[in-house]
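User: Hi! I am just starting out with protein structures, and I would love a close look at a single part of this one.

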Amino acid sequence: MKLNIAVLPGDGIGPEVTAEAVKVLKAIAMEFNHVFTFDYGLIGASAIDKDGIPLPDTSLELCKKADAILFGAIGEPKYDNDPYAKIRPEQGLLKLRKELDLFTNIRPVIAYEDLLNNSPLKRKYIKDVNICIYRELTGGIYFGDKKVSEDGNNASDICEYSRFEIERIAHMAFKAAQSRKQKLTLIDKANVLESSRLWRKVVKELASQYPDVTLDFLFIDNAAMQVITNPKQFDVILTENMFGDIISEEASVIVGSIGLLASASIGDTHAMFEPIHGTYTTARNKGIANPIAAILSAAMLLDHFGLYDEASLVREGVDKALKLHITTPDLNTKYDNISTSKVGDFIEDFINNPDETNLNFTNIHLGQSTII
Ligand code: IPM
Ligand code: MG
């Protein structure tokens, strides 16, 4: 298959983790005789530094022409700490999501057996957790009207949704539930918000088209507790933009590191693949950023194009790396100096030699290598 992939590494650790995802995709292309081409563009603080805007037209055009987009991370503390900043890196990502109409953000949360002890949560609660969060990505309070009064003492952000916006992602989430454990949980704040009541009404109406799916509802405050105290109850979670942002980051605690959570942002005509983590700027260029979320996002890219064997091989490589503790320090690995690129090298090598035994891997990558 030929795939033209736009790569937007972004800020902070974005470039480092994205480089590993590209490395892995190149290994897959070689192993399976695909032709993947990679074209790079600027976004975020790095684009502001160069062009004065967070999403230059060249980057937008690159993404529009591409079959898929691989995105790194966005943001810079100097903007976070400056409430007066008129231009912000995040505007680049939000504009891209909106322009490409990437309305469904899919965030799988899977507890790895080998990492159960990395989570601060008790093993018995998190073992076998497998949740898929469907977060609406182009509406709600992120994109509603924003106002600041002239004297700067009043501000508002409107949270607005239409039936159309809710229906299109709800269909995706119901279908996902059908192919999983047939359970869908809508998370909202319908006891307070009109927009949430619309979500409940519309999703309830659609439920009759999916009689095999059990639909239930949780208020976001309750869900925030239950995702930690009883995560096994969840199969597919459907929620609006802001609640999805928060609940998915919270759910990363189950997995043991936010550096493991991948996502796919899908629209009718475009698709982007992005780790859910931020820019972790204090780790920039130190080689300690976990590239697995970016690599698993690349696996989601492969799935998106029906390259299931390829995606499985990437995931097997990730599993193997976790099993052998070939991981960055966020996972408290038993080795203390495995870098971002060494994790990528290991998975690349696994893709090139999937038939190697465990023992050989340990010998090749631990015994003889200079990395330890
Ligand atoms: C995410 C991020 C973004 C969001 C930021 C960087 C705009 O937190 O993808 O979860 O809020 O959507
Ligand atoms: Mg977030």
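How many residue pairs are in polar contact between domain 1 and domain 2?

Analyst: Happy to help! Please keep in mind that this model is predicted. Between domain 1 and domain 2 there are two residue pairs in polar contact, both at pLDDT 80 or more. On the side of domain 1 that touches domain 2, three residues are nonpolar, four are charged and none is polar.

Let's place the two parts on the chain. Domain 1 is made of 1–102 + 274–372, and domain 2 covers 120–255. Seven residues from domain 1 and eight residues from domain 2 take part in the contact. The C-alpha centres of the two domains are 26 Å apart.

How much area is buried between domain 1 and domain 2? It is about 740 Å², and carbon and sulfur atoms give 59% of this. Of the area that domain 1 buries against domain 2, Arg97, Lys98 and Ile276 supply 55%, more than any other three residues.

The count of salt bridges between the domains is one. Arg168 and Asp101 join their side chains in a salt bridge, with N to O at 3.1 Å.

Now for ligand 1. Its shell draws at least three residues from each domain, and Arg97 appears again among the residues around ligand 1. By class, the shell holds five charged, two nonpolar and no polar residues. Polar side-chain atoms lie 3.0 Å from an oxygen atom of ligand 1 for Arg107, 2.5 Å for Tyr142 and 2.8 Å for Asp245. Alone, ligand 1 exposes 320 Å², and the protein buries 81% of that.

Technical notes. Residues numbered from 1 in each chain as written. Chains lettered and ligands numbered in written order. Predicted model: local features only at pLDDT ≥ 70, side-chain atom pairs only at ≥ 80, totals over all residues. Heavy atoms only, no water. Domains from an automatic or database assignment. Contact = heavy atoms within 4.5 Å. Buried area = accessible area lost by both parts, 1.4 Å probe. Salt bridge = Lys/Arg side-chain N within 4 Å of Asp/Glu carboxyl O. Polar contact = N/O pair within 3.5 Å; in protein donor to acceptor, adjacent residues only side chain to side chain. Nonpolar A, V, L, I, M, F, W, Y, C, P; charged D, E, K, R; others polar. Near = heavy atom within 4 Å. Areas by Shrake-Rupley, 256 points an atom, 1.4 Å probe, with all protein chains shown as cover.
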